[in-house]
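This report looks at how two bound ligands sit in a protein model. Please have the structure open while reading.

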Amino acid sequence: MTDVLPIPAKPLRARVDVRSSRRPWPLLKGRRIGLHVAALALLLAVLFPFLWMVQMAFRPADDVLGDALLFRPTLENFASLWQGTFPRSFVNSLLVSTLSTATSLALGVPAAYVLSRWCFRARGRVSLWILATRMAPPIAFTIPFFLAYRWVGLQDTVIGLALIYMTFNISIVIWFMQTFFAAIPKALEEAAWIDGCGVWQAFWRVTLPLAAPGLAATAVFCFIFSWNDFFFALILTRTNAITAPVAITNFLQYEGWEWGKIAAGGTLVMLPVLVFTLLVRKYLVRGLTAGGLK
Amino acid sequence: MASVTIRDLRKSYGGTAVIHGVSIDIAEGEFVTLVGPSGCGKSTLLRMIAGLEEVGGGEIRIGGCVVNDVAPKDRDIAMVFQNYALYPHKTVAQNMGFALTLKGVDKREIAARVARAAEVLGLTGLLDRYPRQLSGGQRQRVAMGRAIVRDPQVFLFDEPLSNLDAKLRVQMRAEIKELHQRLRTTSIYVTHDQIEAMTMADRIVVMRDGRVEQAGAPLDLYDRPANRFVAGFIGSPAMNFLKGRIAVNGTASFVTEGGIRLPLAKAPPASDGRPAVYGLRPEHFAIDPDGGIAVQVAVVEPTGSETQVVATLAGQEVVGVFRERLSAKPGEFLPLRPNPAAAHLFDAEDGRRLL
Ligand SMILES: Nc1ncnc2c1ncn2[C@@H]1O[C@H](COP(=O)(O)OP(=O)(O)OP(=O)(O)O)[C@@H](O)[C@H]1O
Ligand SMILES: [Mg+2]
């Protein structure tokens, strides 16, 4: 190990990068210790509310607001959640999010591809108007949606809610994917055409696999947006299609707030987001087009 | 295999025309090289034949059928791209076998054909690698392999050997030629390399600024270039050009601007006093202590098999190539005699061949 290192920031960082990729704990010395402590403190501050909620979820009911760090963890909050209607809401949330993500990708990805490859005159304007649908405040759509849904019978249904999220997600999908597609060299598709692919086959077998990291990021984004939405779920569902975030608010009642359930529900709602993010992390950091062109 | 016929082909980008009415006939099984300076439209022409660029005018026929509006996948052509265009997410073997996979060829058959191509190209140990794990030359060979595992109507090559070292290039050149002799597939081959163009081609097409300057067998182009551009472009080191005028009084000769008289075998009719450009290839100078013109040596470059001399003749620079080893030093005078039968005359204005 060489001596470290009162030299300018750049080479320092470069060298440490190499090292830290080899060993889990890079050498801590002087200034670097300070940096690490600061980062840790910041992390704790940011995570504190979340961690607090998680520990609350595991506290016994009579000590839910206690602040002793030592307590006997229990699953009784989760058990009582399991007995109520919460599991159903959780499943609703999963269904709505998955459905809206799938449909917005299925419609948005081909649209984005066409917008990124096909040069027609109104292209710029079409893209802009697609994005504009996302800029309007949700409240502007609420009443029309509410009335229309009551009329066609989509109120309080999983499909209805998924449809709404889809309309919001699709513009994001189109904008994200358009940039990702633009970054994939057209020459690769041309090579595929020469090799015998039709336009859509080249898209499916060459372009889309190369856009996989972007696709994963976009999917996560859509899923999380649908998963986290509270506003539309609150207004457009009543009993059947209620989603997890709305269900949690049902534990805030006149006769008392059920803190244990709220915390347990909140912890569960965080879970898919965490899992998803960890799953796609590998994709997000890796560029796929390296080596294709001169 | 199929013939390729190009008639009055045009192309412009925005308002700028880059191909101005190109016509080329390529017979079934012929190997044609396209040469020309950078930016003259070789890649554009090739891409139009492949169906990757829209045709701005004229027509392209492959095997007798007009293909102007046929999709690339239905033209049954294989192409090696100037920038390789390998699929980054596929291994070398998958890259090479992709076209066959699409056609639904049997897996074992694909593996066998890929293995054979890999052997020819020296890629056998690399079949499981991804393009990003290859060197530039290896990538180029994979791009080549992707074309040769197929059995298409036409091969299109866009400078497929430009990134290889000299030895590998010579080796690959021979492989491609051998491949062509075996398969007899019509091939169009773009290159910057003189030697490649000369040695591989049945016919060379010389292009400049989106026009065909001349098309013909390599040695015809070498011996009878249609104009000064082709004369200067084909052959290395390039042909020497001397400005001056033709003089006919009894015997025909050419008088350079410096007043030096060079013999001509014959002169074009009624050309006495006409301004012209005299062209002579470097190997058509001989050393002749009796009747030679004294030129001052500037640089001597022995290559082992021959000696290249750069000298000044009447204030203009000329290059001579000699089989013998010369002991001439820079600054010395060398008696050079041009071979009158090998001299070319070009019009002083438009560069067209006079004789
Ligand atoms: N997409 C394009 N848009 C505008 N001009 C283009 C485009 N592609 C090519 N050109 C122009 O067309 C001309 C011919 O280009 P092309 O690539 O065919 O040249 P080339 O002969 O292959 O050159 P090189 O030997 O350098 O590869 C060039 O002047 C180039 O600037
Ligand atoms: Mg080119």
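## Two ligands and their surroundings

B:Gln82 is partly exposed, because its relative accessible area is 31%, and the model in which this value was computed is a predicted one.

B:Gln82 also serves as a protein donor of the magnesium ion (ligand 2), through its OE1 atom, while B:Ser43 contributes its OG atom, and these donors lie 1.9 to 2.4 Å from the ion. The two residues come from distant parts of the chain, 39 residues apart, with B:Ser43 in helix α1 (residues 42-50) of chain B and B:Gln82 in the loop between β6 (77-80) and α2 (92-103) of chain B.

Both donors are also listed around ligand 1, where the surrounding residues include B:Tyr13, B:Val18, B:Gly41, B:Lys42, B:Thr44 and B:His192. Of the elements that supply this shell, α1(B) gives the most, with three residues, and by type the shell divides into three nonpolar, seven polar and two charged residues.

The table gives the distances between an oxygen atom of ligand 1 and a polar atom in the side chain of each residue named.

| Side chain | Distance to an oxygen atom of ligand 1 |
|---|---|
| B:Ser43 | 2.7 Å |
| B:Gln82 | 3.0 Å |
| B:Glu159 | 3.5 Å |

Taken alone, ligand 1 exposes 630 Å², of which the protein buries 59%. B:Ser43 and B:Gln82 thus appear in two settings, as donors of the magnesium ion and as residues around ligand 1.

Conventions:
Residues numbered from 1 in each chain as written. Chains lettered and ligands numbered in written order. Predicted model: local features only at pLDDT ≥ 70, side-chain atom pairs only at ≥ 80, totals over all residues. Heavy atoms only, no water. Donors = N, O, S within 2.8 Å, 3.2 Å for Na, K, Ca; no water. Helix = DSSP H or I, 4+ residues; strand = E, 2+ residues; numbered from the N terminus. Buried < 20%, exposed > 50% of the residue type's maximum accessible area, 1.4 Å probe, protein only. Near = heavy atom within 4 Å. Polar contact = N/O pair within 3.5 Å; in protein donor to acceptor, adjacent residues only side chain to side chain. Areas by Shrake-Rupley, 256 points an atom, 1.4 Å probe, with all protein chains shown as cover. Nonpolar A, V, L, I, M, F, W, Y, C, P; charged D, E, K, R; others polar.
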